[in-house]
Amino acid sequence: MTAAEAAPEPAAVPRALEVDPLLDDPATRIVVCCGAGGVGKTTTAAALGLRAAERGRKVVVLTIDPARRLAQSMGIEELDNTPRRVPGAGTDAGGELHAMMLDMKRTFDEIVEAHADPERARAILANPFYQSLSAGFAGTQEYMAMEKLGQLRARDEWDLIVVDTPPSRSALDFLDAPKRLGSFLDGRLIRALMAPAKVGGRAGMKFLNVGMSMMTGTLGKLLGGQLLRDVQTFVAAMDTMFGGFRTRADATYRLLQAPGTAFLVVAAPERDALREAAYFVERLAAEDMPLEGLVLNRVHGSAATGLSAERALAAAENLDGARMVDQGDGQTRVGGPAATSPEAPAPEPTTEVPPADAELTAGLLRLHAERMQVLARERRTRDRFTELHPDVPLAEVPALAADVHDLTTLRAIGAHLATPRQDR
């Protein structure tokens with residue numbers, strides 16, 4: 001077998017993610033950026049929104065980012081639950097860019113105010129259990145993100161909505177949480193607590209005192225009597241609204257599956273992040289969600305890929321060896337006159353490298369070797385993903401020297417997203 005036959009075949013190059021055609025297509029109404037935490041979803045969503053606006057679309061970016069980086073990079077003092085126009089974005093091409101940050105409690109309050117009469121709404125908003133539920137119940141943030149997406153789409157003020165999904169322990173929470181919250185609101189405990197209010201009057205009190213005495217006694221010990229009464233009051237006030245939560249969650253879920261929605265999985269070129277991305281790709285396929293491609297952020301590169309890590313390290317070691325020999329008098333070179341006998345032929349002329357320059361050059365060579373090792377590791381990790389998912393288009397964004405802090409940097413990221421990737 002020849003060396004050429006023994007060499008492994010190069011990994012297949014994935015198809016490039018075509019970002020501009022996606023953003024330009026008027027049929028594209030929703031772009032969802034999803035993935036594990038800390039991979040740059042917020043920055044990607046903002047860069048996509050800005051690029052779409054400056055290509056003529058009327059865009060709103062919905063973020064759920066507690067770090068508030070989006071507001072800073074867009075020149076807005078503060079984002080809240082109301083879309084705000086981003087100055088200086090999209091004006092030349094006739095597009096507009098708006099941005100907002102989800103306030104999950106305010107969104108929950110808006111649902112109550114919209115679907116309950118004023119007196120019942122006041123009772124619900126003042127209920128201690130509701131205040132705890134709306135501020136921090138597991139899955140509430142993800143559910144309210146879905147609610148807000150449905151509200152924005154129903155208003156039809158924007159022709160493109162870009163969603164930055166919540167930072168979650170699992171990237172799948174955005175899809176699962178609405179179902180979990182709906183199941184909780186439709187669950188046996190809620191229905192049992194709702195039953196006395198539905199029966200009403202003395203019969204209801206009798207049912208509560210007799211039929212639920214064991215359950216309420218146990219819950220009272222676990223939760224405390226006051227909390228149990230708050231829950232029962234909340235359930236009685238929310239009775240007419242529970243079905244609406246499930247209905248709206250189902251409607252938004254169908255909206256995510258419909259034509260006009262595109263999911264972009266965002267990841268970093270790291271094993272854990274790409275493992276999560278692969279899991280999400282498989283889940284999106286199982287749920288019939290329209291996956292557009294993978295955005296790989298913070299990819300390292302080098303302009304000197306012709307110099308391998310091995311050659312760079314070997315050259316650094318040679319310089320270190322020469323420098324150690326030269327330390328005798330500061331002038332002697334390896335193979336120089338002091339290293340030869342009178343009978344030995346004269347050495348070929350060489351160029352002396354001052355010790356300080358040799359030390360600096362060796363350090364730079366080692367830094368280059370480290371960079372090349374990082375590149376090789378990232379490429380292997382990326383190639384493992386593309387081998388498992390060869391049909392997923394890919395866009396790469398290079399690692400930047402500075403943080404994203406203004407529209408200029410966001411434009412640069414958008415340009416990288418729209419530029420076909422090159423093998424490093």
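Okay, let's start with one residue, T44: leaving aside its neighbours within four places in sequence, T44 is in contact with C33, V266, V295, N297 and L417. Before I go on, keep in mind that what you see above is a predicted model.

So where does T44 sit? You'll find T44 in helix α3, which covers residues 41-53. And is T44 buried or exposed? T44 is buried, because its relative accessibility is 1% and the cut-off for buried is under 20%. Its side chain also has a polar partner: the side chain of T44 reaches the backbone oxygen of G40 at 2.8 Å.

Now take a look at the loop between β1 (30-34) and α3, which is the place of G35. G35 counts as buried too, with 6% relative accessibility. Here's something to find on screen: the C-alpha atoms of G35 and D164 are separated by 9.6 Å, and along the chain these two are 129 residues apart.

Next, the nonpolar interior. In soluble globular proteins, nonpolar side chains tend to be buried together. In this model, the largest nonpolar core has 92 residues. Which residues have the most contacts inside that core? They are M74, L97, L294 and L417. You've met L417 already, as one of the contacts of T44. Let's pick L97 and see who is around: not counting residues up to four places away in sequence, L97 touches G49, L50, A53, V59, V61, M74, R84, R85, V86 and A89. There's also a second, separate core of 10 residues, and among them are A316, A362, A369 and L375.

But you can find nonpolar side chains on the surface as well. L360, L364 and L367 make a nonpolar surface patch of about 320 Å². Take L364, which is found in helix α17, residues 355-388. L364 counts as exposed because its relative accessible area is 51%, and the cut-off for exposed is over 50%.

On to charges. Side chains of opposite charge can pair when their charged atoms come close. How many salt bridges are there here? The count comes to 19, and I'll walk you through a few.

The side chains of R55 and D20 meet in a salt bridge, at 3.4 Å from N to O. This pair links distant parts of the chain, 35 residues apart: R55 is in the loop between α3 and β2 (58-63), and D20 is in helix α2, residues 19-24. R55 is partly exposed, at 38% relative accessible area, whereas D20 is buried, at 14%.

Another salt bridge joins the side chains of E96 and R85, at 3.8 Å from N to O. E96 lies in strand β4 (residues 96-101) and R85 in strand β3 (residues 84-85), so this pair ties together parts that are 11 residues apart in sequence. E96 is partly exposed, with a relative accessible area of 21%, and R85 counts as partly exposed at 40%. R85 should sound familiar, since R85 is also one of the residues that L97 touches.

My last pair is R106 and E110, with the closest N and O atoms 3.9 Å apart. Both lie in helix α5 (residues 104-115), four residues apart, about one turn of the helix. Finally, back to R55 and D20: salt bridges that share partners join D20, D24, R51 and R55 into one network. That's my tour, thanks for listening!

Technical notes: Residues numbered from 1 in each chain as written. Predicted model: local features only at pLDDT ≥ 70, side-chain atom pairs only at ≥ 80, totals over all residues. Heavy atoms only, no water. Patch = residues over 30% accessible without salt bridge, like charges linked within 9 Å, V, L, I, M, F, W, Y side chains within 5 Å. Areas by Shrake-Rupley, 256 points an atom, 1.4 Å probe, with all protein chains shown as cover. Salt bridge = Lys/Arg side-chain N within 4 Å of Asp/Glu carboxyl O. Helix = DSSP H or I, 4+ residues; strand = E, 2+ residues; numbered from the N terminus. Buried < 20%, exposed > 50% of the residue type's maximum accessible area, 1.4 Å probe, protein only. Polar contact = N/O pair within 3.5 Å; in protein donor to acceptor, adjacent residues only side chain to side chain. Contact = heavy atoms within 4.5 Å. Core = buried A, V, L, I, M, F, W, Y, C linked by side-chain atoms within 4.5 Å.
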